[in-house]
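User: Could you walk me through this model? I'd like to know what the words used for it really mean.

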Amino acid sequence: MNVMKDFQITRRGFGFLAAGAAASAMLPFAARAAGGGAVAATFPGSWEDAYRTVLTPMVKDAGYDLTIAPAMAQDQLAKIMASPGNPPYDTLLMSPGQMAVAIEKDLIQKIDPSKLKNWGMLDPSFQGEYGPTVTIEVNGIAYNPDLVPKPKGYRDLFENPAYSGKVSWTGFASNTAVMAYTEIAKIFGSGPNDMDAVFKLFKDHPEHLKGVVDSTNHQMTLFQQGEIAVFMCSTGNVARLKSLGLNAEFVQPETGSPAAPVNIHLTKGTANLDAAYAYMDAAISKAAQDQLKEPPTEMFPTNKDVALTPGIEAYVTRDQIKTMVYPDWVAINKNRDGWIRQFDALVAG
């Protein structure tokens, strides 16, 4: 699997991606040069803002400095793989797909739960041997009700002319996208790994290829500008759009909502274990998750003492978490690089 392969579509999209990668690449090394505490890789956008605002002061109160370094999960992997002997991050933030690669490549280490005073506040399903689950990202479809009707699911987007030219997609480097594509493969093909059926679907509906961009963040910008009306997303993306005053709604597809736990991991060889554990413990604390569950992030809390807000319960309840669709990441990782190449070529024409 070639995790270093960037997903590049449009000239404008590449510019956004390159600028973001350059900025995030500089941060960890700058922090190490300054001799600060832990460097925590965090998803860019609302995750970065929330973690910097909420967790940095909590870790500071515990006696450590914390540098939040924004990077998408595949970019975190690429940077760690490029410098395994001197990892640029003390902790990584990943979903199961990237976690499986990190374990296979011996890039992360098992944690010592005794270092986390909030460990017992997690349901056993959130107590991973390679790090705690800090939230569950529930994925589905975002849409603007001013521009399009409420979709029932993925099939609607291709078969109902009301959505023609108004849907945006990203490539297989995105976890959100690949989870949607495995569900679409079930609908239009023989199963979750039948991507030939998905590629044929896009060939038969070239108007959808025009809406392909490089990232979910790019899609959210286009949504705000009214250039698109539908995209695949997590509940957090919709919460962010709502906080900005946008008319955005979330749909759980009729075939089921794909979901992914998000976990904090310790990098192999980190020299800042105490600071890293302080950050990890803060992230699963009631104090932090009580803040992170509120708009604009509305992250699903994994600390069992944190009550769900009405806004989160409108998307998903604790009972529904068990009924979400959890993809087979072993199969995805086995095929993902080939899917990226095929989709890249399809989009490029």
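Analyst: Sure, and keep in mind that it's a predicted model. Let's start with a definition: Ala, Val, Leu, Ile, Met, Phe, Trp, Tyr, Cys and Pro count as nonpolar, Asp, Glu, Lys and Arg as charged, and the others, Gly among them, as polar. By that scheme, the lining of the second largest pocket splits into nine nonpolar, seven polar and six charged residues.

User: Which residues are closest to the centre of that pocket?

Analyst: The second largest pocket holds about 430 Å³ of space. Of its 22 lining residues, Asp-123, Ser-125, Phe-126, Ile-136 and Ile-321 are the closest to the centre. Asp counts as charged, Ser as polar, and Phe and Ile as nonpolar. As for where the lining comes from, α4, β6, β10 and α14 each give at least two residues.

User: What makes a residue of helix α10 count as buried?

Analyst: Its relative accessible area has to be under 20%. In α10, Thr-235, Gly-236, Asn-237, Val-238, Ala-239 and Leu-241 are buried. They pack against β6, α9, β8, β9 and α13. After α10 comes Gly-245, with a positive phi near 90°.

User: Why is a set of residues called a nonpolar core?

Analyst: Because its members are buried nonpolar residues joined through side-chain atoms within 4.5 Å. The largest one has 70 residues, and Tyr-51, Leu-55 and Val-134 have the most contacts inside it. Helix α11 supplies the largest share, eight residues. There's also a second, separate core of 37 residues, including Phe-199 and Ile-340.

User: What does Val-134 touch, sequence neighbours within four places aside?

Analyst: Its contacts include Trp-47, Tyr-51, Leu-93, Val-262 and Phe-300.

How values were computed
Residues numbered from 1 in each chain as written. Predicted model: local features only at pLDDT ≥ 70, side-chain atom pairs only at ≥ 80, totals over all residues. Heavy atoms only, no water. 1 Å grid on protein atoms, 1.4 Å probe; cavity = no way out; pocket = protein on both sides within 12 Å on 5 of 7 lines; lining within 4 Å. Points joined across faces, edges and corners; volume = space filled by probe spheres on them. Helix = DSSP H or I, 4+ residues; strand = E, 2+ residues; numbered from the N terminus. Buried < 20%, exposed > 50% of the residue type's maximum accessible area, 1.4 Å probe, protein only. Contact = heavy atoms within 4.5 Å.
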